[in-house]
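Colleague: I should be grateful for a close look at a single part of this model, written for a first-year student. Please describe one helix together with the elements around it, and then place that part in its wider setting.

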Amino acid sequence: MAACEDRRVPAKVTLANRRMSAFRLLRVARTNVLETIPELATWQTMVSGKIFKRWHMVMDPGGIRRMLKENPEAYPKSEAVKNLFKPVIGNSLFVAEGRHWQWQRRAAAPAFAARNLKALAPVMSKSASRMIERLSAAVGKEADIHMLAVAATFEVINSVCFSGEDSMEFETVQEAFEKFIDDAGRVSLLDVASVPAWVPRPSRLYNSYFHRRELKRITDPAIEARQRIGRRSPPDLLDLLAEGEDPETRRRMNNDELRDNLITFILAGHETTALTLAWSFYLLAFDADWQQRVRDEAQSVLEGRVATADDIGKLVLTRQVIDESLRLYPPSAMLARTAKERDTIGGRQVLPGDTMFIPVYALHRNHCHWSNPDRFDPNRFADRRSIDKFAFLPFGGGMRICIGASFALMEAVVILSSIISRFKFTLVPGREPEPVMILTLRPKGGVRLLVDAA
Ligand code: HEM
């Protein structure tokens, strides 16, 4: 629940310390899914139970590696996740399975390759400049850094997808997105009971149709216009995706597939990156020493400029802060899979149909993997080789690992370093954000900080 009373520990969720009835679980899940995680999940590597059907929470890195990397075909994304997303983003990369996922992933991969990402970086620097302008107007006052970060990352994804032309109005997309999040937050009793997907969920169906129509209304004309005008130079994400070809099947995306994947990138990409930034600024306001260290680094590397792709490798402390923020407040705080086969995970027997949760929030605060896990300490990431890849999963792992991870990290480093080199942030007493998961891990009440010139 609320911000932590221990002043050395930043805001955290109060996890469940007693067993909940199905009814209570549902009620708690509606306000904050994370409060349904048993506290035990931060001390043990497996927690199992049964509510309508069997479930397991896996915090064992070896077990997670088996599910995501070694035997992923046996653990497809859960039906509840697919039911939620499919009506809005179609059968795109995020939800597709099997061959239909594979060819899309191979076709989209070049768009996110390092050489193309570097060409997209100037858009991130430009967006950092605009955020600097907005913050300049807030000097001496309180500002909601989360909202400013959402505007910045939306500008990036919008420009990167559509080169700034044919662009989408921020308010329209934001509104459709907020409504979608709102609906998603209302965890359906039918989902929890795992009633099959073909049983209609009336309000969900109606709302999803509405969101999809709104998002299509914006993206379809942009795709058609691009086909008339031809590719941009340098190519943007829409061009790269349209040119992407699966080397094995030679298949390319048709207009519907292009649209569904673009909508996916916009929904999956901008809010998660904004959250990473918002929580990072909160943590730096929480810890004045680290704020100064990161500022010193940014000022010495950037010398008054905004950051570019070439600076990334030198902004080492900035990246450590972002990693620590992704550990404490992973935007995708809970992953879910459904077991298809009999298996053993973390020493427990798994049966076909079991729901497998990877509670990333609890994994990242598990005492078996992290010392003083609730403490903010970016030094943990000074030597990345010391961290088990499957104990730190902000971007998931294995073959379904986030395709936009490098894009998001580049954006976060560019924006955070550019801003912190010019501004100082202080917590507003009594206004600490509350971590609440409704689809993503958001700061309830925003991240309200006092802004000063550095
Ligand atoms: C800090 C920012 C981000 C975070 C924390 C994040 C997190 C994640 C996670 C955890 C997954 C795996 C979900 C699972 O296995 O169930 C995922 C998948 C995905 N993400 Fe991200 N993401 C971020 C940014 C982005 C960006 C910028 C884009 C695109 C522009 C993007 C597009 C996707 C797509 C398409 C998938 C599905 C990949 C597949 O299944 O092949 N994400 N993301």
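Modeller: Two strands are said to pair if DSSP finds at least two bridges between them. In this predicted model, S1 and strand S2 (residues 53-58) meet that condition, pairing in the antiparallel sense over 6 bridges. Within this pair, Lys50 has Arg54 in S2 as its bridge partner. Both strands belong to an open sheet of 4 strands, ordered S1-S2-S7-S4, in which the pairing is mixed. Strand S1 (46-51) and strand S4 (335-338) are its edge strands, and each pairs on one side only. On average, neighbouring strands of this sheet are turned by 20° against each other, direction ignored.

The same idea of pairing leads to the part requested, helix H6 and its surroundings. H6 lies across S3 and S11 and runs at about 50° to S3. These two strands run antiparallel, and 3 bridges join S3 to strand S11 (residues 448-453). Here Ala143 stands opposite Leu449 in S11. S3 and S11 are part of an open sheet of 3 strands in the order S3-S11-S8, with antiparallel pairing. Strand S3 (142-144) and strand S8 (423-427) are at the edges with a single partner strand each, so one side of each is left without a neighbour in the sheet. The average turn between neighbouring strands in this sheet is 45°, direction ignored.

H6 also meets another helix. The axes of helix H6 (residues 145-162) and H11 come within 8 Å and cross at roughly 145°, and the crossing is right-handed. Among the residues of H6 in this contact are Ile145, Val150, Phe154, Ile157 and Cys161, while those of H11 include Leu262, Phe265, Ile266, Ala278 and Phe281. By class, the contact of H6 with H11 comprises 13 nonpolar, 5 polar and 1 charged residues.

Cys161 deserves separate attention. Leaving aside its neighbours within four places in sequence, Cys161 is in contact with Asp236, Leu237 and Leu238, and also with Leu262, Phe265 and Ile266. Cys161 is also listed with Leu241, Ala278, Phe281, Leu284, Val413 and Ile415 among the residues with the most contacts inside the largest nonpolar core, which has 124 residues. Helix H11 (residues 255-286) supplies the largest share of this core, 18 residues. As general background, nonpolar side chains tend to be buried together in soluble globular proteins.

Definitions and conventions:
Residues numbered from 1 in each chain as written. Predicted model: local features only at pLDDT ≥ 70, side-chain atom pairs only at ≥ 80, totals over all residues. Core = buried A, V, L, I, M, F, W, Y, C linked by C-beta atoms within 7 Å. Buried ≥ 20, exposed ≤ 12 C-beta atoms within 10 Å, placed from the backbone. Contact = placed C-beta atoms within 7 Å. Axes fitted to C-alpha atoms, helices over the stretch in contact; angles between N-to-C directions. Left-handed = near helix turned anticlockwise from the far one by under 90°. Nonpolar A, V, L, I, M, F, W, Y, C, P; charged D, E, K, R; others polar.
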